[in-house]
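Hi,

Here is the structure I promised to pass on to you. Please have a look at it first, and then read my notes below.

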Amino acid sequence: MLEQDKIARIKVLLKLFPKGLTISDISSRLKLNRNSAAKYLEILLISGQVETHSYGTARVFFLTHRVPISAMLSASSDMVVTLDEIHKIAFVNENFLEFFGIRREDVIGHHIVDLYRTGLDNVNLADLFAEMLVNHDTVRDTHVKKGEDTFFFRIKSVQTVFDDGCRGDTIVMENITQEMRYREELEANEAKYREVVETQSELINRFLPDGTQIFCNEAFCRYFGLDRESIIGSRFVPEIPEGDREAVAVHFASLTKENPAGSVVHRVILPEGKVRWLRRNNLAIFTDGHVREYQSVSRDITEQRRLREEEKKHLRTMEFLFRIAMEYAELPDDADIFRFIGERIREVEPDAFVIITDYDDQTHLMRMKYSSDRRIQEVCSSFLGFDPAEGIPMDSDSRLRMLSNEGEFLRESDSLFDFSYGILPKEICDRIQEEFGLGHFFDAGLTWKGKLLGRVVFFLLKGQGAKDRDLLKTIIVQAAIALQRQISGKALLESEKRFRSIAELSPFPVSVINPSGRYLFLNRKFTEVFGYTPDDFSTGRQWFRLAFPDERTRKEVIAKWKSDLERSVPGEVRSQTFAVTCKDGSIKDIIFRLVTVDGGVQFVVYEDITLENKAARNRALLASIVQSCDDAIIGKKVDGTVISWNPAAERIYGYSANEMVGRSISVIVPRELEHELSSIMSRIRDGEHIDHYVTRRIRKDGSEIDVSVTASPITDQYGEVIGASSIVRNITQDKAEELLKESEERYRALVENLDIGVYRSTGDPAGHFVWGNSNLVKLLGYESFEDLKEIAVSDVFLFSEGRKRLLEELRERGFVKDREIVLKKRDGRPQPVSVTALARFAATGEIRCVTGIVVDISEKRRVEQDLTEARHQIQYITDSLPDPALITDKRGYIIAWNKAMERISGLKSEEMIEKSNYAEELSTCFRDRPILMHLIDDPEIEEKYSGIMRIGENVLGKTRIHPPESEAVMVLEKASPLLDQHGRRIGTFESIHDISEWNRIIAGLNMETSGREGR
């Protein structure tokens, strides 16, 4: 604001208060700094426009028409000359003398007409001031040529009264050269400015006092859906709702020459019927004291107002919850808590019928403790036949459903019968619903840690709906906690802490400050975010010193805070962002949202936006970590669909991200563990965290690996589980090492007594034994382990590539199991062994050491060789039999299948050896019954099948078989057990003899005998 404008405002104010005002009154009413107000009053005092009187220690200032000329001449920045009644010069200031190039002694006492000579030859002061001397209190503009420059002046003449009562004239020449040059420059650049205006997003227009539009930019036209031609020259005025018209009229009436600019906020109705909010900044252009035109710059603030309203609603909700929380906390133990709960719900839903009940877990009775309308209890008593305050019995199923509310915290229904879980008969429910004209029903269980304490029920009339479900939910949660505290009566301090944690529902730090700057309240979130407690500070001065330790920064923050506070309007949210130093020394970016409430109390909500400012960097860092992590990190939806798959997952499972994203995670789960996957996903959906779960998974190549899985639920902004994040580590090698380590620790003391060799060697190509038991030494034919240590491990292998191949396999898989190799004894003889070994790796990936077990398989090889030879002999013997025959071992596997058997079955020996399901293969031959060797142990065989008899251990029987590609034949089967020298069964033998020819011979003989007997 210009200095002259502020002086003018002081004069206007003093004119309104003719009895005078003090400096404090003036600074307070005009919202000026007291020192600035004193300065401007001194100027007015010097210039004679005001006078002052002292009343005790106070100075009171009044408007005056008396001017102390000398003081005015000293203070004014204009050129001033004062003439007495006969137009002689009485006073002249330095600016005047300097500009006209004359001396004071050549001027004072001389008549204005005599001053025809000045430092400017082309200027005659008498001519210059002639009009002003004739017409007092007038204003005129003129110009004076001085050298190459032209100066413009606005000359004012003011009648003056001297201290002695004489009258005169004071002429003031105000230099308006700069103003005139600005005006010329403005006119010259108007076209350029017009072009700039057209590019602005704000709505810009100019109009005359009668409403005629003389200019509007493109944004203005688009906003109102009109073209420029239909606006310019018309009296277009946007349609303003009736409720806002008076405020707009008052605003334009308030624009004066002294205060030509201002802003107003109001609604407009667009042509399509939409109502929008505008903030209009208007400037009145005056000529000769009258408004020539208005210039208006408007901005659509509909969205800002909506956000502000939402923020105000949020703050009102927070204030309400804070009040309710405090009331809950201060509620006496003997208070009627059920009535208190009901009345709080009625604050949110004033039109609702509210019922509060308690629940007795011992008697399973639900008792009415509060009803907002006495008629409810009377009607229920009338319909039920007993007072519901005495208790309504509940079965366990109804109680559990009420406790869970069928998965909803605040359950809603339009049927009282459905709503009552079947506790009340349908006829009674329909009558109650009709009696009160009820439409919607809501209820929620008052629960604490899975225990049902009571029930909150409220009914709304038809056509009504719940106003704020979230707020009701919070109140009911608070109510359940308060009810539990009153019921349990446990540990008052613990209860207060629990209740206060619910009372402080705000997710943001909150403080309340009284007008003197003393902090009345800090919530726990404040301490959580900043680290400071109420013990650290109690006033704003102390808080600023802690939060802004740098003095320069602190002064800037305090200045902004005070400036904002001076402009504050009660109920309006103001926002400032500062970097706050926390108690631990960290610096956080905080948005301060301040609201002035009743009594000048400041309600402040703090929002920590440090994480938001670092979000991009953190996201990039997180992505880098996920991509570079050695553990598989997998993201899944709740149905198991893969949504992310990092490079480590590709390495561990063998599938690329393109192959897995969009597919089910069950692809890598073994079939027998599918139930495990369902269980894990169910626990995740319940919000459970699973830590280091050891299981098995399948790689792309079909191999199984041991993994450790850590899974966590992924939730959205509302806390709903929308997926799962898994961190997977391949522990196949770790598990093998662990098993080996456990084995080593468990049996190290006994290893010397084992009949197997145990060793540990280095992992280099040649290798040296680090440790070995006595059986290893004996197995390789050495005298002691000290002798064996001198031998390279590679030299113990019979074949030169043996050690190399074993190390290659260990590098690839980490371990080998039951690998049969041939070692070399000390005397050079071969020693067949079975090796199980585990490699341990260094950080470089090289094998650090190898731990293994060596088993002598010489006897096994000999037995296998003997068995193979025996089987060859058995096959040779059976092949020499003319009848079909087969032999099985004690396991039921075929070990012999002769040539004759191949002919009748059509199955080759190499196809059948080592098979156990041969009965299926022979089912086409043996259609009438199974083969005998399957029936040899059946004690009731003779009763079940005809033509079968048991002779000792043997079973004989006749049957018809159907060889492939030939006619059926009658055969005699014989099945016998094969026993060892101890009488133990070691297998089964069966032979099949074709007796079809024999039957024909017998039949012929019978016919011949019958013929002879007939003769």
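In helix α32, the buried residues (under 20% relative accessible area with a 1.4 Å probe, protein chains only) are G802, R803, L806, L807, E809 and L810. They share one side of α32, because their arc around the axis, taken from the directions from the helix axis to the C-beta atoms, is only 160°. R805 and E812, on the other side of α32, are exposed (over 50%, with partly exposed in between). Among the elements covering the buried residues of α32 are β29 (757-762), α31 (793-796) and β31 (815-824); contact here means heavy atoms within 4.5 Å. Just after α32, G814 has a positive phi of about 90°.

Before you go further: this is a predicted model, in which local features need pLDDT of at least 70 and side-chain atom pairs count only at pLDDT 80 or more, while totals for chains, interfaces and linings use all residues. Residues are numbered from 1 along each chain as its sequence is written, and side-chain values use heavy atoms, leaving out hydrogens and water. Helices (H or I, at least four residues) and strands (E, at least two) are DSSP runs, numbered from the N terminus.

Now to the core. The largest nonpolar core (buried Ala, Val, Leu, Ile, Met, Phe, Trp, Tyr and Cys residues joined through side-chain atoms within 4.5 Å) has 33 residues, of which Y328, I345, I356, L446 and I475 touch the most other members. Elements giving two or more residues to this core include α12 (302-330), β17 (438-448) and α18 (469-488), and α18 gives the most, with nine residues. Leaving aside residues up to four places away in sequence, I356 touches F338, I345, Y370 and L446, among others.

The aromatic rings are worth a look too. Rings of Phe, Tyr and Trp (its six-membered ring) pair if their centres lie within 6.5 Å, with planes under 30 degrees apart stacked, over 60 edge-to-face and the rest tilted; the count comes to 30 aromatic pairs. F207 and F252 have ring centres 6.1 Å apart and planes at 70°, so this pair is edge-to-face. Since F207 lies in strand β8 and F252 in helix α11, the pair ties together parts that are 45 residues apart in sequence. Both F207 and F252 are buried.

Finally, R305 lies over the face of W277, at 3.6 Å from the ring centre (NZ of Lys or CZ of Arg within 6 Å of the ring centre and within 35 degrees of the ring normal).

Best wishes
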